[in-house]
Amino acid sequence: METIRRFFEKINAAPFQVALVISFTLIAAITISLGALVTSATVKQYLAEILNMRVTRDAHLASTFYEMKLGEVWGTSQELADNPAVIENLAAARAGDPPAVQAVNSQIALAGSRAFRGNRCLAILDDAGRLLAGQIVSSTGTSSTAIPGAKWTDLPIIRSAMSEARSLGSTEIIPIQYLAGTDLAAQLHVDVFQTPKAARELFDRREGTAGLALVGVTPVMSRDGLVQGAALCFHLFNNDFSLVDQIKEAAMVDTSTIFLGDLRVSTNVRSAEGRRAVGTRLAEEVAEVLLNQGREYVGPAFVVNENYITRYEPLRDHTGPVIGGLYVGTRQSASLRPLHVGTGGVAREAPLTSRLPFVPPTG
């Protein structure tokens, strides 16, 4: 303060013109500095708003692609269930007639050639839920015949579809026993990595061994209106990146992830080493909002190894419980002031237009 006082005393002692010039220069400098600070804050706020708008757009696009994929899976099950050759040969196939089984398998292969890409299974079940015929294709392109005799009616969505005689499509967890001995069994396995800020315990004890899938089930009806079996189709997300990469490439979304519980099973988020961050887990504070409260999380979050501006939507099975999540996010720009995780995120109900999964009315 003493230095400043002396400075102004010198100005006052100087000739009037010099003092005037110095005074105006000081005022201009102070004005410019304050203006620069205000401008910088305004620009940062503007950039933050732009980032949030982008992530909102990304979330909408990701939800749209997700629902389109579910529509493809579900539509394939409906196509198979309505196939005349399947309907006509199902009773004989159930009795073990080889030509009938071959005829059903031929229709499955034909539908599979036009079906959705990635890890997938197309199958026909009998009225007891036992697998009669089917095809399994992995994301690597290898194809194999599904193992006959496996019973699928313990899977809730199949039991519901057959007992209620209606077509259903949703996101479901597929336990490992349903795929034991098939080419997709190896795809289920996901190593669980220690992840900063993740909860101490897994949200679902099946994480790492069970699969998260889009599932479509449509009853096959006999001519007299009775359920004589079902067409089952599903797309397995574990270690399959077709959808998250499609969202990135077609919709220009920075990063996206599909979670089974709090575990990343399909993602294009990269670790510090540059690999896909499959097997890493959700930050605990996000998991509390998304999984335990079943609400959308919007805001900054710690993702794998750095902060992102994010949106997470809960994924529910056909009965309603939250079983995972769909994420989009973009890295915080270096030009933005730090956003403190835990103060910027908000929880809110997901809008009805973007709730996942959807189950359109049938009939």
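**Strands, a cavity and aromatic pairs**

Let me begin with the hairpin of E1 and E2, where four residues lie between the strands and where Gly129 takes a positive phi near 85 degrees. Please keep in mind throughout that this is a predicted model.

Staying with that hairpin, strand E1, residues 120-126, runs antiparallel to E2 and is joined to it by six bridges, and within this pairing Ile124 stands opposite Ala133 of E2. On its other pairing, E2 is joined by three bridges to strand E3, residues 143-145, again in an antiparallel arrangement, with Ser143 in E3 as the bridge partner of Val137. As for how covered E2 itself is, seven of the seven residues in this strand, which spans 131-137, are buried.

From E3 we can follow the chain into the loop between E3 and helix H5, which is where Trp152 lies. The model holds six aromatic pairs in total, and I would like to discuss two that involve this tryptophan. In one of them, the ring centres of Trp152 and Tyr178 are 5.0 Å apart and the planes stand at 35 degrees, so the pair is classed as tilted. Tyr178 sits in the loop between strand E4, residues 168-174, and helix H6, residues 185-188, and the two partners are 26 residues apart. Both Trp152 and Tyr178 are buried.

The other pair brings Trp152 together with Phe234, and it is likewise tilted, at 5.9 Å centre to centre and 35 degrees between the planes. Because Phe234 belongs to strand E6, residues 227-236, while Trp152 is in the loop between E3 and H5, this pair ties together parts that are 82 residues apart in sequence. Trp152 has a relative accessible area of 2%, and with the cut-off for buried set at under 20% it therefore counts as buried; Phe234, at 0%, is buried as well.

Let me turn to the cavities, of which there are two of 30 Å³ or more. The largest holds about 40 Å³ of space, and its lining includes Ala59, Arg311, Tyr312 and Tyr327. Helix H2 (16-81), strand E10 (306-316) and strand E11 (322-331) are the elements that each give two or more residues to this lining, which by class comprises six nonpolar, one polar and two charged residues. Tyr312 and Tyr327 also appear in an aromatic cluster, together with Phe259 and Tyr297.

Finally, two arginines are placed over rings: the charged end of Arg275 sits over Phe193, 4.3 Å from the ring centre, and Arg276 lies over the face of Phe241, at 4.2 Å from the centre of that ring.

Terms used
Residues numbered from 1 in each chain as written. Predicted model: local features only at pLDDT ≥ 70, side-chain atom pairs only at ≥ 80, totals over all residues. Heavy atoms only, no water. Buried < 20%, exposed > 50% of the residue type's maximum accessible area, 1.4 Å probe, protein only. Pairing = 2+ DSSP bridges. 1 Å grid on protein atoms, 1.4 Å probe; cavity = no way out; pocket = protein on both sides within 12 Å on 5 of 7 lines; lining within 4 Å. Points joined across faces, edges and corners; volume = space filled by probe spheres on them. Nonpolar A, V, L, I, M, F, W, Y, C, P; charged D, E, K, R; others polar. Phe/Tyr/Trp six-rings, centres within 6.5 Å; stacked < 30°, edge-to-face > 60°. Lys NZ or Arg CZ within 6 Å of the ring centre and 35° of its normal.
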